[in-house]
Amino acid sequence: MSTTPRRSASLLAATALAAVTTLASAPPALADDLDQTSPEALAAIESQVWPEYTVGDSSIDVYAAKMLLSYGEINPGELDLEFDQELHDTLVTYQEAFDLHNDGDLNPDTWEQFQESVFGQHQFHRGDTGPVVTMIQRELNAKFNAHLTVDGVYGPNTEQAVRAAQEFFGIGVDGVFGPVSFHAVISYQDYAR
């Protein structure tokens with residue numbers, strides 16, 4: 001498939017995702033166990049800077065972004081750790097669809113849009129399957145040496161690894177991966193690469 005039809009298909013998918021996100025309203029309590037997360041822990045997580053990546057970078061977070069795009073039925077190209085030109089072009093289209101700063105980089109606005117459009121609509125928990133669960137498993141393996149089988153199935157081992165990460169960050173431990181856990185895990189960069 002040439003780049004132009006792929007970008008057009010990605011634009012259509014991003015536009016559809018934007019429309020669904022705008023029309024859908026998340027339940028008000030949709031966030032990790034906030035009633036058991038101290039205001040100090042929440043403030044510390046919210047103050048963490050989102051990582052930024054551009055063409056040529058390689059990171060588990062680049063993989064995470066590709067999986068989140070895939071979840072939104074947007075083709076990010078090869079599902080690997082590499083930030084290539086195809087991902088750049090896809091991000092420009094995605095950013096334009098959501099009226100974000102459209103530099104094609106993984107920037108804070110783009111991470112916040114992922115946080116809202118994916119985790120603001122659904123919290124991931126035991127029994128869930130799919131690309132977001134795969135992303136969660138790979139992030140936990142890379143950043144917390146969780147030794148999870150990467151199968152896209154949110155089973156008891158994935159739940160336990162999420163609980164361990166939540167405890168590490170001071171998030172109310174419930175084993176459910178929502179927007180606060182997402183921000184904490186993606187912004188966490190103090191791990192062995």
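Here are five exercises on a predicted model, each followed by a worked solution.

The model is predicted: local features need pLDDT of at least 70, side-chain atom pairs count only at pLDDT 80 or more, and totals for chains, interfaces and linings use all residues. Residues are numbered from 1 along each chain as its sequence is written, and side-chain values use heavy atoms, with hydrogens and water left out.

**Exercise 1. The chain as a whole**

Task: Describe the secondary structure of the chain and the confidence of the model.

Solution:
- Step 1. Start with the elements, which are DSSP runs numbered from the N terminus (helices are H or I with at least four residues, strands are E with at least two). The chain has eight helices and zero strands, in the pattern α-α-α-α-α-α-α-α.
- Step 2. Turn to pLDDT, the predictor's confidence in each residue, from 0 to 100. The chain averages 87, and 82% of the residues score at least 70. Over residues 1-30 pLDDT stays under 50, and the model has 42 contacts beyond four places in sequence for this stretch. A contact means heavy atoms within 4.5 Å.
- Step 3. Check burial (buried is under 20% relative accessible area, exposed over 50%, partly exposed in between, with a 1.4 Å probe and protein chains only). Of the 193 residues, 50% count as buried.
- Step 4. Look at contact range. Among contacts with a separation of 6 or more, 59% join residues 24 or more positions apart.

**Exercise 2. The largest nonpolar core**

Task: Find which residues touch the most other members of the largest nonpolar core, and which elements supply it.

Solution:
- Step 1. Fix the term: a nonpolar core is a set of buried Ala, Val, Leu, Ile, Met, Phe, Trp, Tyr and Cys residues joined through side-chain atoms within 4.5 Å. In soluble globular proteins, nonpolar side chains tend to be buried together.
- Step 2. The largest such core holds 45 residues, and Phe 114 and Phe 182 touch the most other members.
- Step 3. Two or more residues each come from α2 (39-46), α3 (60-71), α4 (85-97), α5 (108-119), α6 (131-144), α7 (156-169) and α8 (179-187). The largest share, eight residues, belongs to α3.
- Step 4. Now select Phe 182. Leaving out residues up to four places away in sequence, Phe 182 touches Trp 50, Leu 68, Trp 111, Phe 114, Gln 115, Phe 119, Met 135 and Phe 177.

**Exercise 3. A cavity and Phe 169**

Task: Locate the largest cavity and characterise its lining.

Solution:
- Step 1. Set up the search on a 1 Å grid over the protein atoms alone: a cavity is a set of points where a 1.4 Å probe fits but cannot get out, and lining residues have an atom within 4 Å of a point. Grid points are joined across faces, edges and corners, and the volume is the space filled by probe spheres set on the points.
- Step 2. The whole structure yields one cavity of 30 Å³ or more, and the largest cavity contains about 30 Å³ of space.
- Step 3. Its lining consists of Leu 140, Val 162, Ala 165, Gln 166, Phe 169, Ile 171, Phe 177, Ser 181 and Val 185. Both α7 and α8 supply at least two of these residues, with the largest share, four, from α7.
- Step 4. Sort the lining by type (Ala, Val, Leu, Ile, Met, Phe, Trp, Tyr, Cys and Pro are nonpolar; Asp, Glu, Lys and Arg are charged; the others, Gly among them, are polar). The result is seven nonpolar, two polar and no charged residues.
- Step 5. Zoom in on Phe 169, which lies in α7 and is buried at 16% relative accessible area. Beyond four places in sequence, Phe 169 touches Ala 41, Ile 45, Phe 144, Ala 184, Val 185 and Tyr 188.

**Exercise 4. Two loop residues with contacts**

Task: Work out what Trp 50 and Asp 105 touch.

Solution:
- Step 1. Trp 50 sits in the loop between α2 and α3 and counts as buried, at 5% relative accessibility.
- Step 2. Beyond four places in sequence, Trp 50 touches Pro 108, Trp 111, Glu 112, Gln 115, Phe 182, His 183 and Ile 186.
- Step 3. Asp 105 belongs to the loop between α4 and α5. Its contacts beyond four places include Tyr 53, His 88 and Thr 110. The C-alpha atoms of Asp 105 and His 88 are 6.3 Å apart, for 17 residues in sequence.

**Exercise 5. Positive phi**

Task: Are Asp 99 and Asn 145 buried or exposed?

Solution:
- Step 1. Asp 99, in the loop between α4 and α5, has a positive phi of about 55° although it is not a glycine. Asp 99 is exposed, at 72% relative accessibility.
- Step 2. Asn 145, in the loop between α6 and α7, has a positive phi of about 50° and is not a glycine. Asn 145 is exposed, with a relative accessible area of 51%.

Key
On a 1 Å grid over the protein atoms alone, a cavity is a set of points where a 1.4 Å probe fits but cannot get out, and a pocket is an open set with protein on both sides within 12 Å along at least five of seven lines; lining residues have an atom within 4 Å of a point.
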